[in-house]
Amino acid sequence: NTLIFETTGFCHSVILIDINTDEVVYETIITESTTQISLPTYLEGEYEIRFYKETYYYFGIIEL
């Protein structure tokens, strides 16, 4: 499971939250030069994905 960013600097971090428990199960910092990240292979199911930039969160649901 790989996230590919078409532009660099899109966000500062990516957070996955288990929608059943509201627990943060994964979080990573994104640098200005990051173009892609691989999500852990042990994660399965539906998660809320949050992209954090400055004081804003962009979020949605992702199924792994």
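## Six strands, one core, one salt bridge

Let's start at a turn in the chain: aspartate 22 sits in the loop that links S2 to strand S3 (24-29). What you're looking at is a predicted model, so read everything below as computed from that prediction. Overall, the protein chain has six strands and zero helices. The story here runs from the overall build to the core around valine 14, then out to arginine 50, the surface and two loop residues.

**Overall build**

- Reading from the N terminus, the elements go β-β-β-β-β-β, and the helix count is zero.
- The radius of gyration of the protein chain is 11 Å, which agrees with the value near 11 Å that a compact globule of 64 residues would have.
- Along the principal axes, the C-alpha atoms take up a box of roughly 30 × 25 × 15 Å.
- Of the 64 residues in the protein chain, 36% are buried.
- The accessible surface adds up to about 4,500 Å², and carbon and sulfur atoms account for 48% of that.
- Take the contacts between residues at least 6 apart in sequence: 49% of them join residues at least 24 apart.

**The core and valine 14**

- The largest nonpolar core counts 14 residues, and Leu3, Phe5, Val14 and Leu16 have the most contacts inside it.
- S2 and strand S5 (46-53) each put at least two residues into this core.
- S5 gives the largest share of the core, with three residues.
- Valine 14, one of the residues with the most contacts inside the core, belongs to strand S2 (residues 13-18).
- With a relative accessible area of 0%, valine 14 falls under the 20% cut-off, so it counts as buried.
- Which residues does valine 14 touch, once its neighbours within four places in sequence are left aside? The list is Leu3, Phe5, Tyr26, Glu27, Thr28, Ile30, Ile37, Ile49, Arg50 and Phe51.
- Leu3 and Phe5 turn up twice, then: they are contacts of valine 14, and they are also among the residues with the most contacts inside the core.
- Arg50 is on the contact list too; the C-alpha atoms of valine 14 and arginine 50 are 5.7 Å apart, though their positions lie 36 residues apart along the chain.

**Arginine 50 and the salt bridge**

- Arginine 50 is part of strand S5, the strand that supplies three residues of the core.
- Is arginine 50 buried, or partly exposed? At 27% relative accessible area, arginine 50 is partly exposed, because that class covers values from the 20% limit for buried up to the 50% limit for exposed.
- How many salt bridges does a search of the whole structure find? The search turns up one.
- That bridge joins the side chains of glutamate 48 and arginine 50, at 2.6 Å from N to O.
- The two partners fall into separate burial classes: glutamate 48 has 19% relative accessibility and so counts as buried, while arginine 50 has 27% and counts as partly exposed.
- Beyond its neighbours within four places in sequence, arginine 50 contacts Ser13, Val14, Ile15, Ile17, Tyr57, Tyr58 and Phe59.
- Several of these partners can be placed on strands: Ser13, Val14, Ile15 and Ile17 fall in S2 (residues 13-18), and Tyr57, Tyr58 and Phe59 fall in S6 (residues 56-63).
- Arginine 50 and cysteine 11 are 39 residues apart in sequence, with a C-alpha to C-alpha distance of 9.7 Å.

**Surface patch and tyrosine 56**

- Phe10, Tyr56 and Tyr58 make up a nonpolar patch on the surface, and together they have about 330 Å² of accessible area.
- Tyr58 of this patch is also one of the contacts of arginine 50.
- Tyrosine 56 lies in strand S6 (residues 56-63).
- Its relative accessible area of 52% is over the 50% cut-off, so tyrosine 56 counts as exposed.
- Tyrosine 56 and cysteine 11 are 45 residues apart along the chain, and their C-alpha atoms are separated by 9.4 Å.

**Loop residues with positive phi**

- Back to aspartate 22: its phi is positive, about 60°, even though it is not a glycine.
- Aspartate 22 is also exposed, at 63% relative accessible area.
- Glutamate 54 has a positive phi as well, near 55°, and is likewise not a glycine.
- Where does glutamate 54 sit? Glutamate 54 is in the loop between S5 and S6.

Terms used
Residues numbered from 1 in each chain as written. Predicted model: local features only at pLDDT ≥ 70, side-chain atom pairs only at ≥ 80, totals over all residues. Heavy atoms only, no water. Helix = DSSP H or I, 4+ residues; strand = E, 2+ residues; numbered from the N terminus. Rg over C-alpha atoms; globule rule 2.2 N^0.38 Å. Buried < 20%, exposed > 50% of the residue type's maximum accessible area, 1.4 Å probe, protein only. Contact = heavy atoms within 4.5 Å. Areas by Shrake-Rupley, 256 points an atom, 1.4 Å probe, with all protein chains shown as cover. Core = buried A, V, L, I, M, F, W, Y, C linked by side-chain atoms within 4.5 Å. Patch = residues over 30% accessible without salt bridge, like charges linked within 9 Å, V, L, I, M, F, W, Y side chains within 5 Å. Salt bridge = Lys/Arg side-chain N within 4 Å of Asp/Glu carboxyl O.
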